[in-house]
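Trainee: I am new to this structure. Please take me through one part of it closely, and connect it to its surroundings.

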Amino acid sequence: EGSIGIYTLNKKDDGRQGTHFLRCCVGMTDLAVTRWLCARIPGSRLYAMTPKKTGLRQSYRLYVDRSYAAKLLRLLLPYLITKRKRAEIAVAFQVDYCNYGAGQKRRAEIAKRERYRQEIKADIKATTNIPDGRVSVFQA
């Protein structure tokens with residue numbers, strides 16, 4: 001189980017966007033497999049998730065961000081079926097990523113990143129039955 005998303009960090013109260021970044025998440029209950037993946041995927045981080053209900057098994061999440069996530073997605077592309085379009089958008093986002101700059105260039109770069117983010121949200125809406133309110137929470 002996994003997700004692909006473009007997230008914003010440090011979104012400002014006055015409506016200005018913070019920085020955008022790519023994140024992939026892989027979740028499962030097998031600790032040995034997640035440790036194996038973490039050891040082989042550069043830039044990855046492993047977290048144990050506390051079960052929300054009694055009787056549920058312990059689960060683990062592996063997070064990979066930015067260029068490391070794009071490299072992972074490029075390797076996975078031949079095997080992806082339902083999330084292939086999201087992966088392609090995410091890889092294009094990271095390939096197209098550059099420093100903000102200042103003034104007009106900054107606004108144009110933020111708008112471009114936001115368009116990629118909205119493309120992923122549109123793909124989620126088109127391919128799942130997740131209500132709009134939840135899409136904005138985790139975006140992938």
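Mentor: Start with a term: a polar contact is a pair of N or O atoms within 3.5 Å; within protein, one atom must be able to donate a hydrogen and the other to accept it, and residues adjacent in sequence count only if both atoms are side-chain atoms. Ser 44 shows one. Its side chain reaches the backbone oxygen of Ile 41 at 2.7 Å.

This is a predicted model, in which local features need pLDDT of at least 70 and side-chain atom pairs count only at pLDDT 80 or more, while totals for chains, interfaces and linings use all residues. Residues are numbered from 1 along each chain as its sequence is written, and side-chain values use heavy atoms, with hydrogens and water left out.

Stay with Ser 44 for a moment. It sits in the loop between α1 (31-40) and β3 (45-49). Helices (DSSP runs of H or I, at least four residues) and strands (runs of E, at least two) are numbered from the N terminus. Ser 44 counts as buried because its relative accessibility is 14%. The cut-offs are under 20% relative accessible area for buried, over 50% for exposed, and in between for partly exposed, with a 1.4 Å probe and protein chains only. Contact means heavy atoms within 4.5 Å. Setting aside neighbours within four places in sequence, Ser 44 is in contact with Leu 37, Cys 38, Leu 62, Tyr 63 and Val 64. Tyr 68 lies 24 residues from Ser 44 along the chain, and their C-alpha atoms are separated by 7.9 Å.

Now the overall plan. The chain has 5 helices and 4 strands. In sequence order they read β-β-α-β-β-α-α-α-α. Of the 140 residues, 36% count as buried. Take the contacts with a separation of 6 or more: residues 24 or more positions apart account for 49% of them.

The part to look at closely is α4 (103-127), with the loop that joins it to α3 (84-95). Begin with the length of α4. The expected span of a helix is 1.5 Å times one less than its number of residues. For the 25 residues of α4 that gives 36 Å, and the end C-alpha atoms are 37 Å apart, which agrees. Helix α3 passes the check too: its 12 residues should span 16 Å, and its ends are 16 Å apart.

Next, burial. In α4 the buried residues are Glu 109, Ile 110, Lys 112, Arg 113, Glu 114, Tyr 116, Arg 117, Ile 120, Lys 121, Asp 123 and Ile 124. An α-helix has 3.6 residues a turn, so residues three or four places apart point the same way. Keep that in mind as you scan the list.

In α3, Arg 86, Ala 87, Ile 89, Ala 90, Val 91, Phe 93 and Gln 94 are buried. These residues pack against β1, β2, α2 and α4.

Go to the loop between α3 and α4, where Tyr 97 lies. Tyr 97 counts as partly exposed because its relative accessibility is 29%. Beyond neighbours within four places in sequence, Tyr 97 is in contact with Thr 19, His 20, Glu 109 and Arg 113. With Arg 113 there is a side-chain polar contact of 3.2 Å. Phe 21 is 76 residues from Tyr 97 in sequence, yet the two C-alpha atoms are 9.2 Å apart.

His 20 belongs to strand β2. Its relative accessible area is 1%, so it is buried. The side chains of His 20 and Glu 114 share a polar contact of 2.9 Å.

Farther along α4, look at Ile 124. It is 119 residues from Gly 5 in sequence, and their C-alpha atoms are 9.9 Å apart. Gly 5 is in strand β1. It is buried, with a relative accessible area of 0%.

Last, the core. A nonpolar core is a set of buried Ala, Val, Leu, Ile, Met, Phe, Trp, Tyr and Cys residues joined through side-chain atoms within 4.5 Å. The largest has 21 residues, and those touching the most other members are Ile 4, Ile 6, Leu 22, Ile 41, Leu 73, Ala 90 and Ile 120. At least two residues each come from β1 (2-9), β2 (19-28), β4 (59-65), α2 (66-76), α3 and α4. Helix α3 gives the largest share, 5 residues.
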